[in-house]
Amino acid sequence: MQSETEHKPVRTKPWKFGMLSTEEFGEAEKELVLGVLEKKRVFRFLGSDKEQSEAYRLERLYRGRTGAKHALAVNSGTSALVSALIGAGVGPGDEVIVPAYTYIATAAAVLIARAVPVIVEADDSLTMDPQSFEAAITPYTKAVIPVHMRGVPCRMDEIMEIAGRRGILVIEDVAQANGGSYKGRPLGSFGRAGCFSFQQYKLVTAGEGGLVVTNDDTLYARANIYHDSAFVYWDMNADNVQPPFAGENYRLSEINAALALAQSGRIDTIVSKLRRIKATITAAILDLPQIRLQAIPDPQGDVSYSLVFYLPTADEAMQFSHLLSREGIPNGTIGNNGFADRHIYKNWTYVMEKRGASERDTPWNCASYKGNVQYSPEMCPITLDWLGRAITIGLHQHMSEEDCDDVIRAIRKTAASL
Ligand SMILES: *Cc1c(COP(=O)(O)O)cnc(C)c1O
């Protein structure tokens, strides 16, 4: 290997890409947001013309995008998950299966619905391992939440087959995979419900926001009730026939809805650019024997903003990451990035410790729960192994051919130096 003094990095040009979402802010965003101010309607349940509401238009767009019969705009991805779970009738006594690698909000949503999260392994796709899912089913399992992590579609054929055969409800967490598909079908359209997020780290953003899609009339009606404590009492919602119960306030503001609407109009353009970029890089590093690419259950459906590959050991991954940084390509390891990453189950402290807001009648110790779920930081060694050996490079739709070429040359050079 070259010494520090004679080291010539592949790239010296700064790597300056903003976030996927906010970098696209332009005229469409300004026009729609300012339009809300001009209309003086910042609250969706105002006046009688439902269809003039931005939240309604956002819902209509996602009904079209996913083919779902219903869509419900809410104020976050977490509230989308909670509304879907409550809407589906998940509650005290139920277990809900979640993958060991997902944002903590997935597990939090289960707890907020007062059900018990059951954590299962992710495989080399970094999404839920279907066999671990099936092995974790108990008489108390009501639902499973496959999470399309980092834009990568889960193994939906296997998951849907198991869920169908065992009578388990599927709620898809699409927070990180807006615009993705699996075998030609949009993500979010497989489960009983699909849940999106418009938080700033996602592909498109409203600052805060979320959305539930479903074909299930009852789930939709109940999710509506839960997302607004007075939902059925607004005249324009009089057609809701489910009996009312107390809900939270998860309503989406018209300003956020307008921003989500403008941004969502950009999804297909952004994703097609990302797919070209990722395909170019992937094709040029496929032959390297030193690294193994992340398994992608359907490469055509990958949202493609995340490039992941594995080294044989965690130590080699740390070393590779360091060398790649020296070549001017920002990257990270996933399992050992120096902080308690809340996307990894062992860092979901309040889950690991079974702690609720109150000590009495938590989802785990309430009278309704007859199961006996156990957690420990070591419980999913396969997931920890994949994450520990993973290197990740965040891709951006504004990357040029030259930028892609730098990534390719830096990876090849680093691999050759091992
Ligand atoms: C971001 C995220 C959520 C939560 O979305 P918020 O809008 O931040 O509430 C849920 N699940 C996953 C996988 C996420 O990445």
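These are my notebook entries on the two domains, the ligand surroundings and the salt bridges of a predicted model.

**Entry 1, the domains.** I began with the domain assignment, which gives domain 1 as residues 27-266 and domain 2 as 267-340 together with 383-417. I then looked up how the two are placed relative to one another, and found that the C-alpha centres of domain 1 and domain 2 lie 29 Å apart.

**Entry 2, the area between them.** For the contact between the domains I noted 31 residues on the side of domain 1 and 26 on the side of domain 2. The two domains bury about 2200 Å² between them, and 58% of this area is on carbon and sulfur atoms. I also asked which residues of domain 1 lose the most area to domain 2. They are D124, R150 and L203, which together account for 30% of what the domain 1 side buries.

**Entry 3, polar and charged pairs across the domains.** My search between domain 1 and domain 2 returned 18 residue pairs in polar contact, with both residues at pLDDT 80 or more. On the side of domain 1 that touches domain 2, the elements giving two or more residues are α2 (54-66), β6 (181-182) and α8 (254-264). I sorted the residues of that side by character and obtained 12 nonpolar, 11 polar and 8 charged. The count of salt bridges between the domains is 2. I looked at the pair R65 and D268, which form a salt bridge with their closest N and O atoms 3.1 Å apart.

**Entry 4, the ligand.** I next turned to the ligand, which has 14 residues around it, and recorded that G77, T78, D173, S197 and K202 come nearest. For G77 I noted a backbone N or O atom 2.7 Å from an oxygen atom of the ligand. With T78 the approach is through the side chain, where an N or O atom is 2.6 Å from a ligand oxygen. S197 likewise offers a side-chain N or O atom, in this case 2.7 Å from an oxygen atom of the ligand.

**Entry 5, salt bridges in the whole structure.** Finally I searched the whole structure, and this search found 26 salt bridges. I followed up the one between the side chains of D217 and K69, for which the N to O distance is 2.7 Å. This pair links distant parts of the chain, since D217 lies in helix α7 (residues 217-226) and K69 in the loop between α2 and β1 (70-74), with their positions 148 residues apart in the numbering. As a reminder to myself, side chains of opposite charge can pair when their charged atoms come close.

Terms used
Residues numbered from 1 in each chain as written. Predicted model: local features only at pLDDT ≥ 70, side-chain atom pairs only at ≥ 80, totals over all residues. Heavy atoms only, no water. Domains from an automatic or database assignment. Contact = heavy atoms within 4.5 Å. Buried area = accessible area lost by both parts, 1.4 Å probe. Salt bridge = Lys/Arg side-chain N within 4 Å of Asp/Glu carboxyl O. Polar contact = N/O pair within 3.5 Å; in protein donor to acceptor, adjacent residues only side chain to side chain. Helix = DSSP H or I, 4+ residues; strand = E, 2+ residues; numbered from the N terminus. Nonpolar A, V, L, I, M, F, W, Y, C, P; charged D, E, K, R; others polar. Near = heavy atom within 4 Å.
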